[in-house]
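The following exercises ask the reader to examine a structure one residue or pair at a time. Each task is followed by a solution in steps.

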Amino acid sequence: VVLMKLDSAGQVVISRGLGAASSASGYAISVSDDGRVAVAGSVTGGLVPGQTVTNRGLSDSFVSVFDAKGVEQWTQSRGAKAADEATAVSFGSDGRVYVSGRAQSAMPGGSVTGGWDSYVQTFGETQTTTNGPITGTSLGVTQFGTIGDDNVQAMTVDGDKLYTAGVENGSFVVRQFRIGTGGAPELLTTRNLGPAIGGEVAGIAVSDGKLIVSGTTKNSALDAGSINSAHAGGTDVFVAS
């Protein structure tokens with residue numbers, strides 16, 4: 001996994017690599033208001049020196065945080081006994097890092113329903129001394145899904161609310177969580193938008209109190225309110241508010 005920062009002329013000003021004992025992939029990136037950068041994805045084998053890996057042949061989720069100058073602050077690689085991967089990452093206004101993904105078995109502190117299940121995990125930052133190293137600490141994980149295969153394809157944080165959108169057992173599903181005082185996300189509501197029919201979620205955001213979801217689908221009748229533009233056939237782009 002390589003993190004690069006380019007200036008306005010397209011010149012590379014920062015380049016940082018994250019190696020792995022076997023392989024690693026970056027699937028999501030987020031930049032905080034103070035310039036910190038979080039990268040999340042999957043790794044097979046150890047990602048940090050001396051790391052103990054439960055199953056070296058299966059992928060584990062990871063998240064790495066860098067400061068505005070590209071200096072790595074901390075990395076956490078945590079996994080289930082079976083395969084798992086992080087697919088979305090966001091900074092909250094509280095400075096915490098929120099990671100979402102999917103796993104084939106229980107994440108530490110979570111539980112599974114069946115197949116691939118989704119999860120949301122919160123990380124806080126601690127510094128033991130004034131100039132000591134910064135570490136990322138898991139504050140809680142919530143695992144959710146159906147008896148089929150589920151995944152989170154987009155996530156956003158707005159105040160003390162966290163939203164995910166993805167495909168669960170073949171249908172588009174949007175979920176709303178409350179971020180508890182301890183940091184663990186608590187599921188509040190779930191909205192099923194209907195069969196995805198070969199589609200996927202591309203993005204999610206909050207604007208003026210409305211949740212905006214975008215993606216692609218072959219479904220001509222998504223359960224997302226009034227349809228302002230008719231289905232054109234094949235795979236169409238959708239934006240739902």
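**Exercise 1.** Is Ile197 buried, partly exposed or exposed?

*Solution.* The model under study is predicted. The relative accessible area of Ile197 is 42%. A residue is buried under 20% and exposed over 50%, with partly exposed in between. Ile197 is therefore partly exposed. As to its place in the chain, Ile197 belongs to the loop between strand S14 (185–195) and strand S15 (200–207).

**Exercise 2.** Determine the sign of phi for Ile197 and for Asp208, and set it against the general rule.

*Solution.* Step one is the rule: most residues other than glycine have a negative phi. Step two concerns Ile197, where phi is near 45 degrees and thus has a positive value. Step three concerns Asp208, where phi is near 50 degrees, again a positive value in a residue other than glycine. Asp208 is located in the loop between S15 and strand S16 (210–217). With a relative accessibility of 81%, Asp208 counts as exposed.

**Exercise 3.** Describe the surroundings of Ala38.

*Solution.* Begin with the element: Ala38 is part of strand S4 (residues 37–44). Next, consider accessibility: the value is 0%, so Ala38 counts as buried. Then list the contacts, leaving aside neighbours within four places in sequence: Ala28, Ile29, Ser30, Ser64, Val65, Val89, Phe91 and Val97. Finally, take a residue from further along the chain: Gly198 is 160 residues apart from Ala38, and their C-alpha atoms are separated by 30 Å.

**Exercise 4.** Which residues does Val152 touch, not counting residues up to four places away in sequence?

*Solution.* Val152 is placed in strand S11 (residues 150–158). Its relative accessible area is 3%, so Val152 is buried. The residues it touches are Thr87, Ser100, Gly101, Ser118, Phe144, Thr164, Ala165 and Gly166. A separate comparison of sequence and space uses Val201: Val152 and Val201 are 49 residues apart in sequence, while their C-alpha atoms are 8.6 Å apart.

**Exercise 5.** How many aromatic pairs are there, and which parts of the chain do they link?

*Solution.* The count comes to 3 aromatic pairs. One of them joins Phe144 and Phe177, with 5.2 Å from centre to centre and 50 degrees between the planes. An angle under 30 degrees would count as stacked and one over 60 as edge-to-face; the pair of Phe144 and Phe177 is tilted. Phe144 stands in strand S10 (residues 134–144) and Phe177 in strand S13 (residues 171–179), 33 residues apart, and the pair links these distant parts of the chain. Both Phe144 and Phe177 are buried.

Another pair is formed by Phe172 and Phe238, which is also tilted, at 5.3 Å centre to centre and 55 degrees between the planes. Since Phe172 lies in strand S13 and Phe238 in strand S17 (residues 236–240), the pair ties together parts that are 66 residues apart in sequence. Phe172 is buried at 1% relative accessible area, and Phe238 counts as buried at 10%.

**Exercise 6.** State how many salt bridges the structure holds, and describe some of them.

*Solution.* The structure holds 8 salt bridges. Among them are the following cases:

- Arg175 forms a salt bridge with Glu168, with the closest N and O atoms 2.8 Å apart. Both residues, Arg175 and Glu168, are buried.
- Arg191 and Asp223 meet through their side chains at 3.8 Å, N to O. Arg191 is in strand S14 and Asp223 in the loop between S16 and S17, so the pair ties together parts that are 32 residues apart in sequence. Arg191 is partly exposed at 41%, and Asp223 is partly exposed at 45%.
- Lys161 and Asp160 meet in a salt bridge of 3.2 Å, N to O. Lys161 is partly exposed at 22%, and Asp160 is partly exposed at 40%.
- Asp34, Arg36 and Glu125 are linked in a network of salt bridges.

**Exercise 7.** Which residues form a nonpolar patch on the surface?

*Solution.* The residues are Val2, Met4, Leu6 and Val12, and together they have about 390 Å² of accessible area. Strand S1 (residues 2–6) supplies the largest share, 3 residues. Val12 has its place in strand S2 (residues 12–17). Its relative accessible area is 48%, so Val12 is partly exposed.

Conventions
Residues numbered from 1 in each chain as written. Predicted model: local features only at pLDDT ≥ 70, side-chain atom pairs only at ≥ 80, totals over all residues. Heavy atoms only, no water. Helix = DSSP H or I, 4+ residues; strand = E, 2+ residues; numbered from the N terminus. Buried < 20%, exposed > 50% of the residue type's maximum accessible area, 1.4 Å probe, protein only. Contact = heavy atoms within 4.5 Å. Patch = residues over 30% accessible without salt bridge, like charges linked within 9 Å, V, L, I, M, F, W, Y side chains within 5 Å. Areas by Shrake-Rupley, 256 points an atom, 1.4 Å probe, with all protein chains shown as cover. Salt bridge = Lys/Arg side-chain N within 4 Å of Asp/Glu carboxyl O. Phe/Tyr/Trp six-rings, centres within 6.5 Å; stacked < 30°, edge-to-face > 60°.
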